[in-house]
Amino acid sequence: MKSSLGRKLINAPYLLWAALFILIPLIIVAYYAFTDTQGNFSFEYIVKIGEYKEVLIRSLVYAAVATAITLVMAYPVAYYMSRSKVSTQKMMMLLVMLPMWMNLLIRTYSWTTILEKTGLINSFLDIFGIGPLKIIGTSGAVILGMVYNYVPYMILPIYTVMTKIDNSLLEAAEDLGSNGFSKLKRVILPLSLPGVISGITMVFVPSISTFYISQKLGGPQTQMIGDIIQKRFDALSYNMGASLSFVMMIVILISLAIMNRFSDDDGGIIV
Amino acid sequence: MKEKKIVVELKNIGISFDGEQILDDLNLEIRDGEFVTFLGPSGCGKTTTLRIIGGFTQPDTGEVIIDGKNMNGAPPYKRQVNTIFQRYALFPHLNVFENVAFGLRVNKVDSKEIEKRVTAMLESVNLSGFEKRQVHSLSGGQQQRVAIARALVNNPTILLLDEPLGALDLKLRKDMQNELKNIQQQLGITFIFVTHDQEEALSMSDTVVVMNEGRIQQIGTPEDIYNEPKNAFVADFIGESNILDGIMREDRLVEMFGHKFDCVDIGFGKNEPVDVVVRPEDIDVVEPEKGQLSGTVSSITFKGVHYEIIVDINDFKWMIQSTDSPAVGDVIGISIPPQDIHIMKKSEYSGMFGDYSTFSDEMELIGDTEITGEDET
Ligand SMILES: Nc1ncnc2c1ncn2[C@@H]1O[C@H](COP(=O)(O)OP(=O)(O)OP(=O)(O)O)[C@@H](O)[C@H]1O
Ligand SMILES: [Mg+2]
């Protein structure tokens with residue numbers, strides 16, 4: 001708080017950068033969303049969003065389910081990691097990060113070779129005369145792909161917060177009569193809540209705008225809003241694509257705001 | 001006084017970490033309502049012993065018996081013991097009231113009852129009005145009292161305290177010493193207290209357990225420990241001592257530096273080599289010719305109540321605390337009353353402590369540069 005002018009000057013390049021790369025694209029999106037093909041102001045395409053109601057709802061549901069599954073999977077892993085020896089922690093961290101070093105497209109593509117009709121799983125089941133099972137093309141496969149891709153983003157923030165929980169607090173809880181479950185409920189959960197909230201945010205936001213995964217692992221009836229947006233732009237239907245993106249942004253902003261409310265008491269989101 | 005029942009018993013406790021023996025064949029009995037203090041240098045295993053009693057660490061060998069029941073393997077929440085941790089370990093997500101209420105809530109005590117007990121407990125540690133405060137906004141002394149309240153509200157029969165006053169300044173430390181002692185006496189709880197401050201240990205405890213390198217050196221009342229140290233380590237660690245080589249010529253007669261001294265100890269072998277302890281305040285300064293021994297004063301420091309005199313007698317530097325103030329270079333005599341000569345059996349610590357030849361270097365900050373200079377050559 002020394003000199004507000006000095007602060008502003010220091011922030012200036014950042015503000016410029018933000019304006020250039022965040023604000024201007026947003027304005028362009030909004031512009032296309034609220035104009036017709038001739039460039040006149042119009043609600044034509046915003047209104048058309050109603051046609052995609054089903055896809056929008058599906059995206060929300062898939063994202064919610066994928067987020068819930070990653071949370072349930074990641075929480076115990078993060079806890080276990082945070083209570084391990086430092087060397088084990090580093091090792092596990094590496095394992096969690098490893099898939100992220102590979103391109104998303106390649107990772108998803110490899111799942112298709114596992115799940116497809118002639119893929120790894122079905123070839124294996126075939127030995128016992130079972131199948132082939134229809135895995136690819138189901139909503140289960142899409143959610144699996146999402147969980148697989150996003151679970152590190154859930155583990156990392158929860159793990160980070162949990163490493164900050166001093167062991168003596170857990171011992172104090174035990175000393176005062178807490179065993180496993182009550183220790184979890186009264187100490188571990190409340191203290192790791194900020195991590196859980198940023199984990200949910202970091203998984204839910206990309207989940208809801210997922211594309212490609214849903215095309216490769218799913219089928220026509222598992223299309224997500226991200227796929228539609230991509231297709232609209234590919235078809236040079238900028239106005240439709242932009243208005244869908246605009247609605248997506250609103251949905252994401254609302255969910256961020258809800259998340260923020262939860263974390264306010266505990267001092268904000270930790271990313 | 002009638003002997004009270006034994007509430008905690010440690011039998012042949014041993015534990016090692018990473019292949020290093022940390023506690024070795026530790027045996028101890030603690031009685032109901034006793035104030036027991038573990039005293040010893042850093043790293044000697046005090047916290048480890050406490051954690052074994054609390055159930056946070058399981059010993060490799062030996063038995064932990066609490067209230068007559070073998071507690072080996074029992075987790076902390078199954079023990080009638082509460083702990084005040086070295087750094088308090090208050091719950092940062094709970095306010096003062098909820099921190100204190102934690103144990104009661106876990107045990108599903110009725111909420112009206114909780115309200116009543118927590119309020120009363122906060123009042124007794126002078127924290128009324130702090131109920132809604134966040135713990136991180138409290139001073140060290142206040143946090144410490146929350147920690148005490150959080151443990152005591154559960155009516156434990158045994159309270160473990162790991163250097164609970166370590167982080168406090170001297171004034172607050174003294175106040176809290178009195179407060180803790182009062183609480184202990186009023187409630188009649190067994191206190192097992194850890195400190196490396198010998199003054200704290202002597203002034204608060206019924207029983208002091210002196211530890212070093214994972215072994216108990218001596219168990220006794222503060223007076224016993226001070227007046228009748230068992231070996232050179234205890235004599236050196238508790239207070240100031242001159243520790244000398246002697247030979248027990250017969251009962252009540254010990255020889256040091258070729259001079260025979262009357263003493264009160266009996267039961268040693270004839271001509272047995274022994275360690276002799278003489279406390280600095282027990283030595284009388286006399287005329288050289290009247291003294292049992294005599295030597296040259298090599299330094300004198302004013303300490304308020306008394307002077308601290310280092311005198312060189314036959315190449316052994318004695319420390320004397322006296323109200324007399326001879327000058328450096330003076331030849332003085334010393335005389336020691338028989339009851340102030342304490343005889344100890346030889347131990348592994350013989351010869352390691354009790355000579356003040358390096359004393360002036362240790363104490364004077366100016367000496368520091370000289371010491372490092374010597375180390376390098
Ligand atoms: N979990 C552990 N793993 C490895 N070594 C340990 C462990 N706990 C204690 N030690 C070692 O055991 C020894 C005794 O430790 P302890 O904490 O009991 O000492 P202390 O007497 O309480 O010391 P201080 O006065 O410094 O608190 C030390 O050398 C310490 O490094
Ligand atoms: Mg300790």
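Reader: How many helices and how many strands does chain A have?

Author: This is a predicted model. From the N terminus on, the elements of chain A run α-α-α-α-α-α-α-α-α-α-α-α. The count for chain A is therefore twelve helices and zero strands.

Reader: What does the C-alpha trace of chain A span along its principal axes?

Author: The twelve helices of chain A belong to a chain whose extent is described along three principal axes. Along these axes, the C-alpha trace of chain A spans about 75 × 70 × 30 Å.

Reader: Is α5(A) parallel or oblique to α7(A)?

Author: Helix α5 of chain A covers residues 104-115, and helix α7 of chain A covers residues 139-163. Their axes come within 11 Å and cross at roughly 140°. Angles over 145 degrees count as roughly antiparallel, and those that fit none of the named ranges count as oblique. Because of its angle, the pair α5(A) and α7(A) is classed as oblique.

Reader: Is the crossing of α5(A) and α7(A) left-handed or right-handed?

Author: The axes of these two helices of chain A cross at roughly 140°. The handedness of the crossing of α5(A) and α7(A) is right-handed.

Reader: Which term describes the direction of α2(B) relative to α4(B)?

Author: Helix α2 of chain B (residues 96-106) packs against helix α4 of chain B (residues 140-152), with the axes 7 Å apart. The angle between them is about 30°. Angles under 35 degrees count as roughly parallel. Therefore α2(B) and α4(B) are roughly parallel.

Reader: Which helix gives the most to the shell around ligand 1?

Author: Among the 13 residues around ligand 1, those that come nearest are B:S42, B:G43, B:K46, B:T47 and B:T48. The greatest contribution to the shell, three residues, comes from residues 46-54 of chain B, which form helix α1.

Reader: How many residues of the shell around ligand 1 are nonpolar, polar and charged?

Author: The shell around ligand 1 consists of 13 residues. These residues divide into three nonpolar, seven polar and three charged.

Reader: What percentage of the area that ligand 1 exposes when taken alone does the protein bury?

Author: Oxygen atoms of ligand 1 have polar partners in chain B: one lies 2.8 Å from an N or O atom in the side chain of B:K46, and one lies 3.0 Å from a polar backbone atom of B:G45. A polar side-chain atom of B:Q86 is 3.5 Å from an oxygen atom of the ligand. Taken alone, ligand 1 exposes 640 Å², and the share of this that the protein buries is 62%.

Methods: Residues are numbered from 1 along each chain as its sequence is written. Chains are lettered from A and ligands numbered from 1 in the order in which they are written. This is a predicted model: local features need pLDDT of at least 70, side-chain atom pairs count only at pLDDT 80 or more; totals for chains, interfaces and linings use all residues. Side-chain values use heavy atoms; hydrogens and water are left out. A residue is near a molecule or strand if one of its heavy atoms lies within 4 Å of it. A polar contact is a pair of N or O atoms within 3.5 Å; within protein, one must be able to donate a hydrogen and the other to accept it, and residues adjacent in sequence count only if both atoms are side-chain atoms. Accessible areas come from the Shrake-Rupley method with a 1.4 Å probe; for residues, only the protein chains shown count as cover. Helices (H or I, at least four residues) and strands (E, at least two) are DSSP runs, numbered from the N terminus. Ala, Val, Leu, Ile, Met, Phe, Trp, Tyr, Cys and Pro count as nonpolar, Asp, Glu, Lys and Arg as charged, and the others, Gly among them, as polar. Axes are lines fitted to C-alpha atoms, for helices over the stretch in contact, and angles run from 0 to 180 degrees between N-to-C directions. Angles under 35 degrees count as roughly parallel, over 145 as roughly antiparallel, 65 to 115 as roughly perpendicular and the rest as oblique. A crossing is left-handed if the near helix is turned anticlockwise from the far one by less than a right angle, and right-handed if clockwise.
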